[in-house]
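Student: I would like to learn how to read a structure like this one. Please show it first, and then we can go through some features.

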Amino acid sequence: QVQLVESGGGLVQAGGSLRLSCAASGIIFRINAMGWYRQAPGKQRELVARITGGGTTNYADSVKGRFTISRDNAKNTVYLQMNSLKPEDTAVYSCSADVSNYSSSRAVYWGQGTQVTVSS
């Protein structure tokens with residue numbers, strides 16, 4: 001089993017910055033893609049940013065130029081640096097990890113989510 005634990009959420013004023021972290025632990029052979037998603041009240045969950053095992057990244061258009069996803073493979077951790085935050089970035093942010101274990105099975109795991117609130 002694999003656990004993902006997020007940290008770094010909180011309340012920030014518009015224009016401010018936050019850095020989210022998500023650490024994976026458990027039976028892990030390799031972590032393939034990792035991603036950050038968010039869900040605002042009354043809205044569907046959306047992909048914010050994703051990074052492959054090789055480091056290729058992609059972003060939602062709404063966060064391009066403001067957010068940066070990165071990962072530390074030695075620590076099984078993915079980060080999301082969020083700059084120039086806007087009130088519309090307010091949401092619960094969750095991380096995901098596509099994990100291969102030692103028996104060659106593969107599954108996607110999710111963290112519990114962390115609240116990000118941006119005040120105007």
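Student: How much area does the chain expose, and what share of it do carbon and sulfur atoms supply?

Tutor: Accessible areas come from the Shrake-Rupley method with a 1.4 Å probe, and for residues only the protein chains shown count as cover. Here the chain exposes about 6300 Å², and 47% of that comes from carbon and sulfur atoms. Note that this is a predicted model: local features need pLDDT of at least 70, side-chain atom pairs count only at pLDDT 80 or more, and totals for chains, interfaces and linings use all residues. Residues are numbered from 1 along each chain as its sequence is written, and side-chain values use heavy atoms, with hydrogens and water left out.

Student: Which faces do the side chains of strand E7 point to?

Tutor: Strands are DSSP runs of at least two E residues, numbered from the N terminus. Buried means under 20% relative accessible area, exposed over 50%, and partly exposed in between. In E7 (residues 67–72), Phe67, Ile69 and Arg71 point to one face and are buried, whereas Thr68, Ser70 and Asp72 point to the other and are not.

Student: How does E7 pair with E8?

Tutor: Two strands pair if DSSP finds at least two bridges between them. E7 and E8 (residues 77–82) are antiparallel, with six bridges, and Arg71 stands opposite Val78. They form a hairpin with four residues between them, where Asn76 in the turn has a positive phi of about 50 degrees.

Student: Why does Ala107 count as partly exposed?

Tutor: Ala107 counts as partly exposed because its relative accessibility is 29%. Ala107 lies in strand E10 (residues 106–110).

Note on methods: Buried < 20%, exposed > 50% of the residue type's maximum accessible area, 1.4 Å probe, protein only.
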